[in-house]
Structures are given as structure tokens and as C-alpha cells.
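Me: I've just opened this one and don't know my way around yet. Can you walk me through it?

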Amino acid sequence: MTKLQILAFFFQKVGYNKGMNTSEIAFPLQRSEVVSLLQQHKISPTRQRVEIAEFLFQRPQHLSAEKILEGVTSAGNRVSRATVYNTMGLFASKGVVREVLIDRERVFYDTNTAVHQHLYNVDTGELVDVFDVDTSNVCLPELPEGLRIIDTDIVYRVTSR
Ligand SMILES: [Zn+2]
């Protein structure tokens with residue numbers, strides 16, 4: 001591990017789930033389950049949103065919008081790049097997926113919305129979960145009066161030795 005990069009979005013410490021992979025989801029989700037997942041998150045289940053979510057929730061995964069576009073279209077669905085980007089923005093803002101920002105050009109959408117941390121391999125571009133990070137050891141900033149931490153995102157950037 002060459003560098004510890006802390007992307008800290010200090011909103012709330014919502015807790016830490018050891019070994020948790022997907023909160024309550026049993027993969028793969030069937031179409032009807034995808035529809036109710038979207039409805040639970042107050043998202044109207046349009047055909048394209050359902051097709052995108054169906055592709056995402058086949059398994060726990062971290063995907064870029066481009067990979068999602070590729071997957072959804074190769075499954076025989078017709079969606080535009082703009083629709084995929086807009087839909088993923090919507091899914092992230094409603095908490096259907098978790099957005100993991102590596103840099104401006106690299107955003108991953110994570111089907112596991114439970115609190116967990118990541119390893120980003122700069123050689124392969126792959127993002128994987130790590131669950132044994134003790135986030136209580138991460139230095140916390142002196143918060144201005146009236147603020148509380150609601151989330152901490154840690155991405156360890158790794159490369160081959
Ligand atoms: Zn993850």
C-alpha cells in the first residue's frame with residue numbers, strides 16, 4: 001500500500017458493518033424486486049430505469065457509468081449515454097446505489113449501500129471492498145460548532161510492488 005487517500009465526506013458516522021456485503025439485498029434481483037426497490041426509494045420505475053437497475057443488481061458490483069451503458073445495451077436494451085448518466089445520478093441521490101469518487105473521470109456506482117471502505121488498484125482500475133478498516137482510528141477533524149459527521153469514505157489506492 002503506497003498511499004492512503006482519505007476522501008472524507010464528513011456528514012454522519014452511520015456505523016460500520018463488518019463483513020457486510022449487501023445490506024438486505026439477495027442477488028440477483030428479479031424484475032418485480034427491482035421495481036419495488038425503486039418504489040421504496042421514491043423513484044418512478046420507468047422502463048429504462050428498471051432495465052438499468054436490473055443490470056446493476058445482478059450481483060454486488062462496482063461499475064462506472066460507461067460499463068453500465070455497455071452492459072445494459074449488450075443485454076439488448078436501448079438506452080442513451082445521457083439516460084444512463086442521469087439515471088445513475090438519480091439512483092445515487094436517492095440512495096439506491098452508493099457513489100464512490102476516485103477522481104473527476106472515475107466514479108463508481110456501488111450496489112452495496114452499507115458503510116464500507118475500498119481498495120482502488122491504479123494498475124487495473126479495479127475497485128474492491130475492504131471491510132476490516134477500523135475507521136475509529138482515522139483522524140477526525142475538529143468540527144465547527146453545530147456540525148456532526150454522518151459518513152466517512154476511505155479509498156486506499158494501491159499498485160503492484
Ligand atoms: Zn463497495
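Reply: Sure, here is a quick tour, going from the overall make-up to the helices, the sheet and one residue. Keep in mind that this is a predicted model.

Me: Good to know. How many helices and strands are there in the protein?

Reply: The protein has four helices and seven strands.

Me: And in what order do the elements run from the N terminus?

Reply: Starting at the N terminus, you go β-α-α-β-α-α-β-β-β-β-β.

Me: What share of the residues counts as buried?

Reply: The protein has 161 residues, and 19% of them count as buried. As for contacts between residues at least 6 apart in sequence, 60% join residues at least 24 apart.

Me: OK, helices now. How do α1 and α2 cross?

Reply: Helix α1 covers residues 31–40 and helix α2 covers residues 47–56. Their axes come within 9 Å and cross at roughly 110°, so α1 is roughly perpendicular to α2. The crossing of this pair is right-handed.

Me: Which residues make that contact?

Reply: From α1 you have R31, V34, V35, L37 and L38, and from α2 there are R49, V50, A53 and E54. Sorted by class, the contact of α1 with α2 has six nonpolar and three charged residues, with no polar ones.

Me: Then what's the angle between α2 and α3?

Reply: α2 packs with helix α3, residues 65–74, at an angle of about 105°, and their axes are 9 Å apart. α2 and α3 are therefore roughly perpendicular to each other.

Me: Which residues meet there?

Reply: On the α2 side they are E51, I52, F55 and L56, and they meet I68, G71 and V72 in α3. By class, the contact of α2 with α3 has five nonpolar residues, one polar and one charged.

Me: One helix left. How does α3 sit against α4, and which way does the crossing go?

Reply: Helix α4 spans residues 81–94, and its axis comes within 10 Å of the α3 axis, crossing at roughly 120°. The two helices are therefore oblique to each other. α3 passes α4 in a right-handed crossing.

Me: And who's in the contact?

Reply: α3 brings A65, I68, L69 and V72, while α4 brings R81, V84, Y85 and M88. The contact of α3 with α4 divides into seven nonpolar residues, no polar ones and one charged. I68 and V72 of α3 also turn up in the contact with α2.

Me: Let's switch to strands. Which strands form the open sheet, and in what order?

Reply: Three strands form it, in the order β2-β4-β3, and the pairing is antiparallel. β2 (62–63) and β3 (98–103) stand at the edges with a single partner strand each, so one side of each has no neighbour in the sheet.

Me: What holds paired strands together, in general?

Reply: Strands of a sheet pair through backbone hydrogen bonds.

Me: How many bridges join β3 to β4?

Reply: Five bridges join β3 to β4, the strand of residues 106–110. To pick out a pair, E99 has Y109 in β4 as its bridge partner.

Me: Last thing, E126. Which strand is E126 in, and is this residue buried or exposed?

Reply: E126 lies in strand β6, which covers residues 126–130. E126 has 12 other C-beta atoms within 10 Å, so E126 is exposed.

Me: How far is E126 from L63?

Reply: Their C-alpha atoms are separated by 9.3 Å, and the two residues are 63 residues apart along the chain.

Notes. Residues numbered from 1 in each chain as written. Predicted model: local features only at pLDDT ≥ 70, side-chain atom pairs only at ≥ 80, totals over all residues. Pairing = 2+ DSSP bridges. Axes fitted to C-alpha atoms, helices over the stretch in contact; angles between N-to-C directions. Parallel < 35°, antiparallel > 145°, perpendicular 65-115°, else oblique. Left-handed = near helix turned anticlockwise from the far one by under 90°. Contact = placed C-beta atoms within 7 Å. Nonpolar A, V, L, I, M, F, W, Y, C, P; charged D, E, K, R; others polar. Buried ≥ 20, exposed ≤ 12 C-beta atoms within 10 Å, placed from the backbone.
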